[in-house]
Every structure is written in C-alpha cells, then in structure tokens.
Amino acid sequence: ALQSEVGMDSYRMRRTGLGCRPVAGTMMVVVSMIAMASRLGWTLEGASPALQSSVQTSARAINRGVLRSQHHARSSVRRQLTRDCFASVDSSLATSTIPAAAAAAAASAEPVNFPQLKNDLLLRAARGQATERVPVWIHRQAGRYLPEFRSIAEKHGYMKCFNTPEIAADLTVQPVHKYAMDAAILFSDILVLLPLMGVEWQISAGVEPFAVNAIKTGDDVESTLVDADTVDIHDKLGYVLESVKLTRHKLEGKAPLIGFSGAPWTLLTYTMHTAESNGRENALEFIKKYPEAATKILDNATKLVVKYLIAKVEAGAQMLQVFDSWAGILSKDDFDTFSKPYLLKIAKEVKAGIKAKGLDPVPMTVFPRGCGHSLSDFEDSEYDVVSLDENVDPKEAREALPSKTLQGNFRGKFIYDGEDTIRKEASEMVERFGTQKYIANFGYAVEKEHSPENIGIFVDEIRSSSQRINTESQ
C-alpha cells in the first residue's frame, strides 16, 4: 500500500531505512492503505471528517519524508516521519475500520511509478496492429553466450542469480542494453513452480536440473502433490515478483517485459526427471500406466500457472508466454489429451483473471514446441501469438493461424556460420513471414556457444530487411 501511495518500491524502502522503525512504519502503512482505499472510491466505515483530512495530510507528510530520505541521514528522517504521522492522524483513527476489499486491493495494487514505455513495437505486433518494422527478441537472450552474463553467473551461481531480484533484474536487461532488443524476458526458470507442487529440484554445473523427490508412481502423486488452491504465489514466489518490479524500473521503458511460465505438460516431465533417468521418457511411460494420476498433476499445475501468470501481470509484466518445451515428444492423440486442453485453459483463465482484477489486458503467447501438426487448434484460442519451432513452414502456419501473430523461427545453427549466411537466412525468413503480425525470434533458443557478435548481426538484419520491405511496399 505504501508503495502504491508514495511511488516507491520495497527495495528502495529498505535501502532508505524506512522500514526500520516499527511504530512509524506501521503508521505509514495504515495511513497509506486508508488513503488508497479513499482514492479507489471505497467508503471508510466510521471515519470522521477530521480523519479524512488527516489521511490526506499524512500521505503528504509521508511523501515529503520519502523524498527527503534520499538526501538526509536515516535517523533524522525516521524521527521526522514519526512526528509527521502522529501529528496529522487524529484520535478517531484508533476506532475507524477499513473495508477488507479496500485493504486487499491497496496491498496488491499495481505500482504506478514505472517508467513510461518508449518502445511498444512488440505489443503492437502481438495485437495485430501495424508496425514500421519487425520486432525482434530471442528465447534465453539473457544467457551464457554473453560474457557479462557469465561473469555474474560464475560469481553467484545460477540459483542465486534468479533467486535474487537485483541480480535477476540486471541479467534481464543486459541484452536489451546490448542489442536494443524489442523485448526483455525475465531471467528466471520454469522450474520455480516445482516446489509449489511438492517436488524439490536441484541443478549442478553441466547437469540438467533434476527432481530430488521425483514422482514415479500414482501413489507418489497422492503423497507428494500440494493442492494448488492452498498455495500463495505472493508468499512462495515473492522474489520473482520483486524481480519483475525491479526489472521494469531498470528497463527505463526501452522495451516491454515478458513474464513466462512452463506449461503443465512440461512441468510434469520435470517432476519425473531424476539424476539417473530422463524425465521425458519417464513421463511418456507414466501417462500410459497412470493416466488418472497424470491428469491430476496437470490439473494442479494448470491452477498454479494461472495464478503465477496473473501475479506477474500484477507485478508489472506487460506480456506473457507459456512454454511447452516438451510437447513435441507426445503423439498427436496424446498432445490432444495431456497438453492442449491445459494450454487453452490457461489462456482463457489468465485473461479472465486479469480482467476481474481490473488490470490492463496483456498479450499472451503460446509455444507448443514440436507440435506443428496442431497449430490450427490455437486459431480460436485466447492466445494472441503462436511461437513456432524451426520445423514449421511459415506459409502453412499463416494458413493454419490467419488471425494470429506468428513468432519464430530462425534456425540457431546459422549463428555458427559467417555474417553472409546469417544475413541471407534472416532476410529470407522475414520475406517468408511478412513484416506484419510477425515477431522475429529463434525456433528454440540461444545456445551458450553462440557468438555475441553474430547474435548482433542477426538482430541488425531483422531490422534492416523488414524496414526495407516495408519501404518497398509503400
């Protein structure tokens, strides 16, 4: 509530020491919640005219104190804040109450002090609006191919990097600053949802992440799975949401921020991945032996993903993407049973949830990797964008998805070749897709061995070729 009222995120509050004096801090929060409720139009039950006036005065006093805190010693600021708060709040505060709905809304209100977005190219393309050139970004663009990324990751370790909001935000913005990418995608991991499902995981250098208490049988589902309805995303994954907020500030409006999640099927495969056996193979065997248990995992994961993505939008994400990285290992029939229904449900429920909370709508992308056989199934879905792997023909994708924006699908192997090959392939890709309702990306992701210079060549060619095509077509 204080964050929303005075425009200051919790990280900066801690840095300026505003939370160090319990009495002053509590008074500030109470006053700010009342002020926010009033601003949102709720009635303050039992509030006297004097209290309403004192709320406004207190909010101004807090704001003055916050501004002064950037220039004065912490102790003097805390003393002044305490005096200001107590001097302006009359005795009726002790007997006044705040409607629960107002308090909850104030506490979860979206920050209002993010820098203004200066580059909305990606969002316009996602919504099917006209663009002067093709927007470009790359899956895993914040990654080990960048020397500046490696220097931080090697110092802190992978887990600490995405568990620490300040580090995660710094890593997220690196490729935007380096290449002027048209999107930032939060540096995190799809596996952060596994512990919320009841499955702990680990990662070691050079080893694929694995589940510590992997699900192997139907009985394991009953003993391990945590009911998604009991999970508080803000409590369990608050560090991710803080990363979203910090990243929005660090981006300075240079590009929109994408929040993402793994899809239920892909999450299921990781709940079964051990240090000794492959989770994808285990998952295929599991759905044959225990189809009902598999459905229970997928239903539960879907609820978590929906809650998680809505929370990211509340925190400041401006676009969402759902990665079904291992959908391609399923047969068409199994995809229709164990993946597609959950993907469709996520988009529908996330958009409904965003609307119900009074938040601005955001575009959503789905990436059913390896499922070119089912693209038409997403034509009538709530997704705005369908991301394509490198094996999908652009013409066929346009025919299957006439109303959708397409994303993809450059072959990463070309990055290993010289500049001439990269420019030729990138330019031809833009010509095949066209420059409208299209977002340039890889068919999968950046690899750690990719040359940063060659990534820059790819990005530059997407921009120059799409601008040229647009100019020639005028």
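**Entry 1: strand β8 and an unusual bond**

I began at Asn409, which I found in strand β8, residues 405-410. The model I am reading is predicted. I looked at the peptide bond that joins Gly408 and Asn409, and it is cis, with omega at about -25°. I noted for background that most peptide bonds are trans.

I then asked which residue in β9 stands opposite Gly408. I found Ala440 there. The two strands, β8 and β9, run parallel and are joined by five bridges.

**Entry 2: strand β9**

I stayed with β9 and checked how well it is covered. Five of its five residues are buried, so I put it down as mostly covered. I also looked at the faces separately. On one side I listed Tyr438, Ala440 and Phe442, and on the other Ile439 and Asn441, all of them buried. This listing fits the general pattern, which I wrote beside it: in a regular strand the side chains alternate between the two faces of the sheet.

**Entry 3: the sheet**

Next I traced the sheet that holds these strands. It is open, made of seven strands in the order β1-β4-β5-β6-β7-β8-β9, with parallel pairing. Which strands stand at the edges? I found β1 and β9 (438-442) there; each has a single partner strand, so one side of each is left without a neighbour in the sheet.

I looked at one more pair within the sheet. Strand β6, residues 364-368, pairs with strand β7, residues 385-387, in the parallel sense over two bridges. For Thr365, I recorded Val385 in β7 as the bridge partner.

**Entry 4: Val136**

I moved to the loop between α7 and α8, where Val136 is found. Is Val136 buried or exposed? I read 0% relative accessibility, so Val136 counts as buried.

I listed what Val136 touches, leaving out residues up to four places away in sequence: Met181, Asp182, Ala183, Ala440, Phe458, Val459, Ile462 and Arg463. Ala440 I had already met opposite Gly408. I also looked up the distance from Val136 to Ile462. They are 326 residues apart along the chain, yet their C-alpha atoms are separated by 7.1 Å.

**Entry 5: two positive phi values**

I kept to the loop between α7 (121-126) and α8 (147-156), where Arg140 also has its place. Phi of Arg140 is near 60°, which is positive in a residue other than glycine. I noted that most residues other than glycine have a negative phi. Arg140 is exposed, with a relative accessible area of 51%.

I found another such case at Ala180, in the loop between α10 (165-179) and β1 (184-185). Ala180 is not a glycine, but its phi is positive, at about 55°. Its relative accessibility is 44%, so I entered Ala180 as partly exposed.

**Entry 6: Pro402**

I went back towards β8 and stopped at Pro402, in the loop between α20 (394-400) and β8. Which residues does Pro402 touch, not counting those up to four places away in sequence? I wrote down Glu379 and Lys437. For Glu379, 23 residues from Pro402 along the chain, I read a C-alpha separation of 7.4 Å.

**Entry 7: helix α15**

I turned to helix α15, residues 264-271. Eight of its eight residues are buried, so the helix is largely enclosed by the rest of the structure. The buried residues I listed are Pro264, Trp265, Thr266, Leu267, Leu268, Thr269, Tyr270 and Thr271.

**Entry 8: empty space**

I looked for cavities of 30 Å³ or more, and the count came to one. Its volume is about 30 Å³. What lines the largest cavity? I found Pro115, Leu117, Arg248, Leu251, Gly253, Ala255 and Gln318. By class, I counted four nonpolar, two polar and one charged residues in the lining.

**Entry 9: the chain as a whole**

I closed with totals. The protein chain has 22 helices and nine strands. Of its 474 residues, 56% count as buried. I put the accessible surface at about 20,300 Å², with 50% of it belonging to carbon and sulfur atoms. Among contacts with a separation of 6 or more, 76% are between residues 24 or more positions apart. The Val136 contact with Ile462, 326 residues away along the chain, is one I had already entered.

How values were computed: Residues numbered from 1 in each chain as written. Predicted model: local features only at pLDDT ≥ 70, side-chain atom pairs only at ≥ 80, totals over all residues. Heavy atoms only, no water. 1 Å grid on protein atoms, 1.4 Å probe; cavity = no way out; pocket = protein on both sides within 12 Å on 5 of 7 lines; lining within 4 Å. Points joined across faces, edges and corners; volume = space filled by probe spheres on them. Nonpolar A, V, L, I, M, F, W, Y, C, P; charged D, E, K, R; others polar. Helix = DSSP H or I, 4+ residues; strand = E, 2+ residues; numbered from the N terminus. Buried < 20%, exposed > 50% of the residue type's maximum accessible area, 1.4 Å probe, protein only. Pairing = 2+ DSSP bridges. Contact = heavy atoms within 4.5 Å. Areas by Shrake-Rupley, 256 points an atom, 1.4 Å probe, with all protein chains shown as cover.
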